[in-house]
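Me: I have just opened this one and would like a guided look. Could we go through it step by step?

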Amino acid sequence: MTDQQQASEDAVMTRIGQAVMLLHAGDRAEARDRLADLWTEIGHDGDPLHRCTLAHYMADAQDEPEAELAWDLRALTAAEGLGDGRVARHEPALVVRAFYPSLHLNLAADYLRLRRPDAARSHLDRARAATDALGDDGYGDGVRAAIERLELRLRGEEGRSYSP
């Protein structure tokens with residue numbers, strides 16, 4: 001990879017990070033607009049790390065659960081096309097399989113909000129099965145705790161019946 005290609009990739013991750021800061025500051029609309037512009041630039045066949053990262057955060061910027069699910073599915077699809085070598089160029093200590101607990105957790109939460117408990121259960125089980133890739137650190141502890149919280153919510157929801 002040339003220095004110019006590396007700088008270009010870093011610039012995209014920086015711009016994603018800037019949009020995420022807006023999102024975390026509460027400016028969902030501006031974050032969503034910036035991420036949408038970046039998605040257009042990256043394209044459906046662009047760098048899988050960029051697509052995965054952007055789609056992951058774009059899901060968080062959505063107001064409708066169906067749109068959030070669509071973006072979380074895009075993030076998972078991009079992760080499936082991502083290799084450890086590409087991830088290591090961005091963050092040397094990171095491996096792709098460490099993405100899966102969070103990606104599946106997000107999908108489980110989406111499906112639960114959409115009252116699809118079977119799909120939620122499936123992704124929650126996948127999230128839990130992938131936790132061995134998480135470190136013993138704040139991030140890993142946070143994802144594991146979120147899995148447990150969603151498990152409790154899902155048990156409560158499964159005890160209720162849904163009307164079409």
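Me: Let us begin with a charged pair. How do the side chains of Glu-68 and Arg-113 meet?
Reply: Glu-68 and Arg-113 form a salt bridge, with an N to O distance of 3.0 Å. Their pairing links distant parts of the chain, since Glu-68 lies in helix 4 and Arg-113 in helix 6 (residues 100–113), 45 residues apart. Please note that this is a predicted model.

Me: Is Glu-68 buried or exposed?
Reply: Glu-68 is buried, at a relative accessible area of 14%. Its partner Arg-113 counts as partly exposed, at 38% relative accessibility.

Me: And the helices that carry them, at what angle do helix 4 and helix 6 cross?
Reply: The axes of helix 4 and helix 6 cross at roughly 155° and come within 10 Å. Because angles over 145 degrees count as roughly antiparallel, helix 4 is roughly antiparallel to helix 6. The crossing of the two is left-handed.

Me: Which residues make the contact there?
Reply: On helix 4 they include Glu-68, Leu-69, Leu-73 and Leu-76, and on helix 6 they include Leu-103, Leu-107, Tyr-111 and Arg-113. The salt-bridged residues Glu-68 and Arg-113 are thus both among the contact residues. Sorted by class, the contact of helix 4 with helix 6 has nine nonpolar, two polar and five charged residues.

Me: Let me step back. How many helices and strands does the chain have?
Reply: There are eight helices and zero strands. Along the sequence the pattern reads α-α-α-α-α-α-α-α.

Me: What share of the chain is buried?
Reply: Buried residues account for 45% of the 164 residues. As for contacts between residues at least 6 apart in sequence, 57% join residues at least 24 apart.

Me: Back to helix 4. How do helix 3 and helix 4 cross?
Reply: Their axes cross at roughly 160° and come within 8 Å. Helix 3 is therefore roughly antiparallel to helix 4. This crossing, too, is left-handed.

Me: Which residues are in contact there?
Reply: Helix 3 contributes, among others, Arg-51, Cys-52, Leu-54, Ala-55 and His-56, while helix 4 contributes residues including Glu-68, Trp-71, Asp-72 and Ala-75. The contact of helix 3 with helix 4 has ten nonpolar, one polar and five charged residues. Glu-68 is listed in this contact and also in the one with helix 6.

Me: What about the stretch between those two helices; where is Asp-63 found?
Reply: Asp-63 is found in the loop between helix 3 and helix 4. With a relative accessible area of 54%, Asp-63 is exposed.

Me: Which residues does Asp-63 touch, leaving aside its neighbours within four places in sequence?
Reply: Asp-63 is in contact with Arg-28 and Arg-32. With Arg-28, the side chain of Asp-63 forms a salt bridge of 3.1 Å, N to O. That pair links distant parts of the chain, with Arg-28 in helix 2 (residues 28–42) and the two positions 35 residues apart. Arg-28 is partly exposed, at a relative accessible area of 30%. Also on the backbone level, the C-alpha atoms of Asp-63 and Ala-29 are separated by 9.6 Å, although the two residues are 34 residues apart along the chain.

Me: How many salt bridges are there by the rule used?
Reply: The count comes to 13 salt bridges. Some are joined up: Arg-121, Asp-125, Arg-128, Glu-148, Glu-151 and Arg-155 are linked in a network.

Me: Take one pair from that network. How far apart are the closest N and O atoms of Glu-151 and Arg-128?
Reply: They are 3.5 Å apart, in a salt bridge. Glu-151 lies in helix 8 (residues 138–158) and Arg-128 in helix 7 (residues 117–129), so this pair ties together parts that are 23 residues apart in sequence. Glu-151 is buried, at a relative accessible area of 6%, whereas Arg-128 is partly exposed at 29%.

Me: One last residue. Where does Ser-102 lie, and what does Ser-102 touch?
Reply: Ser-102 lies in helix 6 and is buried, with a relative accessible area of 12%. Not counting residues up to four places away in sequence, Ser-102 touches His-56, Tyr-139 and Val-143. Of these, His-56 also belongs to the helix 3 side of the contact with helix 4.

Notes
Residues numbered from 1 in each chain as written. Predicted model: local features only at pLDDT ≥ 70, side-chain atom pairs only at ≥ 80, totals over all residues. Heavy atoms only, no water. Salt bridge = Lys/Arg side-chain N within 4 Å of Asp/Glu carboxyl O. Helix = DSSP H or I, 4+ residues; strand = E, 2+ residues; numbered from the N terminus. Buried < 20%, exposed > 50% of the residue type's maximum accessible area, 1.4 Å probe, protein only. Axes fitted to C-alpha atoms, helices over the stretch in contact; angles between N-to-C directions. Parallel < 35°, antiparallel > 145°, perpendicular 65-115°, else oblique. Left-handed = near helix turned anticlockwise from the far one by under 90°. Contact = heavy atoms within 4.5 Å. Nonpolar A, V, L, I, M, F, W, Y, C, P; charged D, E, K, R; others polar.
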